[in-house]
Amino acid sequence: MSGTLEQFAADAVKLARSLGASDAECTISEGEEFSAAIRMREVESLKEAGSRGAGIRVLVGQRGGSSYTSDLSKTGMEQMVRAALELAKITSDDPHAGLPDVAELGKLESDLCLYDPAIGQMETEWKIAQAKRAEEAALSFDPRIQNSEGASFDSQQSRRVFANSRGFLGSYASASCGLSVVPVARQNEAMERDYWHSAARSAAKLESPEDVGRIAAQRALRRLNARKVPTQKVPVVFEPRTARALLSEIFDAVNGGAIYKHASFLAGKLGETIASEKLTVIDDATIPGLFGTSPFDDEGVASRRTVVIERGVLKSYLLNTYTARKLGLKTTGNASRGITGNAGVGPGNFFIEAGALTPGEIIKGVRSGFYVTELIGGGANTVTGDYSSGAAGLWIENGELAYPVSEITIAGDMSRMLREIEHIGSDLEFRGSIAAPTLMIAEMMISGQ
Amino acid sequence: MGLSQSFFAERFGLTERDLEAYLSEALSAGGEYADLYFEYLATSSIGIDEEIVKSATEGVTLGVGVRVIAGERTGYAYSDDLSPEKIRKAARVAAMIAKGPASTVKTGFEVARQHNLYSMIRAPHELGLAERVELVKRADKAARAYDSRVFQVQATYADSLRHVMVATSEGTLSFDRQPMARMSVMVLAREKTGAPQHGYAGGGGRVTLDFFLNEKTPEHFATEAARQAIVQLGAKEAPAGETTVVLGPGWPGILLHEAVGHGLEADFNRKGTSAFSGRVGQQVASPLCTVIDDGTIHNRRGSLNVDDEGVPTQRNVLIENGILRGYLQDKLSSKLMHSRPSGNGRRESYQHIPMPRMTNTYMLAGESDPEEIIKSVKKGLYCKMFGGGQVDITSGNFVFSATESYLIEDGKLTAPVRGASLIGNGPEALKHVSMVGRDLQLDEGMGICGKEGQSVPVGVGIPTVKIDKMTVGGTAA
């Protein structure tokens, strides 16, 4: 099967060249998905299917055009290529457009542990049982858990193929599975839900269903009977799940696409101290078995490790070929796209290096502050660095988690928040392509009563 | 129109016998209902950035989704290949949800009643590429001409045409041809020194390119985006804490979408996990508030002739004079709740299971003069534009982000303030509505709603509304 897809990609590029493209690149993506949803101990839904699609981007001189199709026949290919060439007639000359230099093309040859064939062979009954066990663990954890939004087990397998007219042809398969539970806790009139999710590139690496269910239940329970606190400035501690959201705002701000447009508060700050010297941020797409790992990026450039912020100093932006050329820099191998169009910039494994303190030690040092376990809505304005988000969590009193808090917002200025990072936890875990440990910021504005 | 004149019959040779055979296969292990959702989607988009037309993309996807319902259970499978073997295979996979003797499928189909909400002068594929490029070039020019402090403009035009056909085991058949077009403009502006600010405007609906030539022009969106960016250049820190909030008309209706709309989707209420569960007949808003979800408004982004389960859309009263009246239903939830579908069963594509979703959600106009509303506020915040929002269905807490707002001091709008999130609780927030303007406006057509990983286009609308108490998440103490 993969041989056919590689052939299709190479042929599409060849066809584009023969019809007048000076350069072309073709991406194919093929995937299969499965999901089993359980609710209140019964199967709620089962879904299983596969699909595929191909996309092409052509350059005629400095003008680009792209198209895509789900029809991977000879006719489909020809229609796709002709449509892209037609579109290249209406775009403008862009002096920076173009494929990566041949010297930049390449792929990692070592085993990146992205594909465990066992994921495709798991029995449906076994997957259903995992979700049932996880939900049962949540439902039986405490009498206040009487309802549930359900539990699910899902798995995906996919293959990505990329070819370009500079001689690159590569493909790789990946697979992953995940287990999640969303219990609802209730006490009198108060009702709260929370979730826990475990995902991995092999079933053996998932947290046990019992752990997933219990953690989800504990999280929902501790939110019950939340208070709204007065408006005030206090230290804020982000647990890893919310620290990760904050880190994704930093990703947007070092994204080369925002930098060259001056649409980031970090534009023009390369080499400057922009954060506390406790902060080191890395992007590394070469770590085996993780979610942001790949042998090459979506332009056929070999994956690598890039130090983005080193002890508070901004060392590198994250770039694809286009944004690198705009900035007079070299690509960092972060090109990202669906199956068509101009490449954007995406993370490999983008993470904050772990610090020395445990989360407990960080909380212990706070006399009065806010421990954020959930962020809703809002976020950062990447252009200005203004940050404002809805939040829920626990109030910290004299170094202890004292009571739940909700219906408040937290706000600050990203430039200042970065400089005021006081502690970084030792609890770094890779649950997705963006990962952060517990993080404490010296002071943010809480809006409440 | 019958099947034989339909897009799918002409293009793929599908006959009623084929549909019956696939539905029988889907019900071969029992279950009381099955449906087939055929979808063919052609899209195009063009983007300008730095005065260079940098991107132009077109494409086509097609597929069929097969669903089987057995009690509370749903089996789902899809195929991006419409060959009989592949559709039968998907039907067999979906059938695995049921375990029993085969159920029978009704023979013959009746074409469902439906609206005609978006007739097209010219379908997207009849339009020239040059015309589309001209739209983004005009937007770029207009934004730059608005003010010399504008230094970056990005404009996109995107349109699509979706052909759908839904065939059910109850013997109903429905077709639709759904256009969608949208323009968006992003502008950055800056003073000679100091940080840049951005502005964003966009809109469209179930229209085609002609709408942007004749009704809402590229210049309209471009100047609006530029105006917002320029206003932000002079903005001060937003206030922090509880204050009186006045929402301007139009897109600020996103408040309704987050505060009540999601919480009234029937799936959450059937499961008892919404903050609104079991509250029909109760006071959940001030008597000034009547909230409607209406999928039948001509050419609106959230409108549909039939929903994605083949049910005609309708106008549903959610809250009437402050009293909760009803939920947004799809087929599965309405059956389990002994109610009726309300035309709100929607899905992102053939790869997705339908669920209850909003269409166009808005509050009816009241009697107050908008200017009087602002005049009545001694100290507060006037919010004119918003970005997105989010809600926690179970606790009812929701957030929406103001991108353009002004302080109200002694009944007058004064300084513009920077972006900030507003937070409230769904069943409580609208109880604090004390004035409703007579200036109901629907938004310009840029809403995308996300739920459980599925995105669908929606509309919102609201008149000028005064909320006595709401928490604003700024930084100024």
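Visitor: Which residue is the bridge partner of A:Ser66 in β2(B)?

Guide: In this predicted model, A:Ser66 has B:Thr57 of β2(B) as its bridge partner. To read such a pair, go next to the strands that hold it. Strand β3 of chain A, residues 63–69, is joined to β2(B) by 4 bridges, and the two strands run parallel.

Visitor: How many residues of chain B are in contact with chain A?

Guide: Read a contact from both sides. Here 64 residues of chain B meet 58 residues of chain A. On the chain B side, β2(B) supplies the largest share, with 12 residues. Sorted by class, that side of chain B holds 26 nonpolar, 29 polar and 9 charged residues.

Visitor: Where do the domains of chain B lie in the sequence?

Guide: Start with the bounds, then turn to the contact. In chain B, domain 1 covers 3–233 and domain 2 covers 240–473. Their C-alpha centres are 23 Å apart. Domain 1 of chain B brings 38 residues to the contact and domain 2 of chain B brings 28.

Visitor: Which element gives the most to the side of domain 1 of chain B that touches domain 2 of chain B?

Guide: That element is β6(B), with 7 residues. Elements giving two or more residues to this side include β1 (33–49), β2 (52–70) and α6 (218–233) of chain B. By class, this side of domain 1 of chain B has 12 nonpolar, 17 polar and 9 charged residues.

Visitor: Into which domains is chain A divided?

Guide: Chain A has domain 1 (2–221), domain 2 (232–246 + 354–447) and domain 3 (267–347). The C-alpha centres of domain 1 and domain 2 of chain A are separated by 30 Å.

Note on methods: Residues numbered from 1 in each chain as written. Chains lettered and ligands numbered in written order. Predicted model: local features only at pLDDT ≥ 70, side-chain atom pairs only at ≥ 80, totals over all residues. Domains from an automatic or database assignment. Contact = placed C-beta atoms within 7 Å. Nonpolar A, V, L, I, M, F, W, Y, C, P; charged D, E, K, R; others polar. Pairing = 2+ DSSP bridges.
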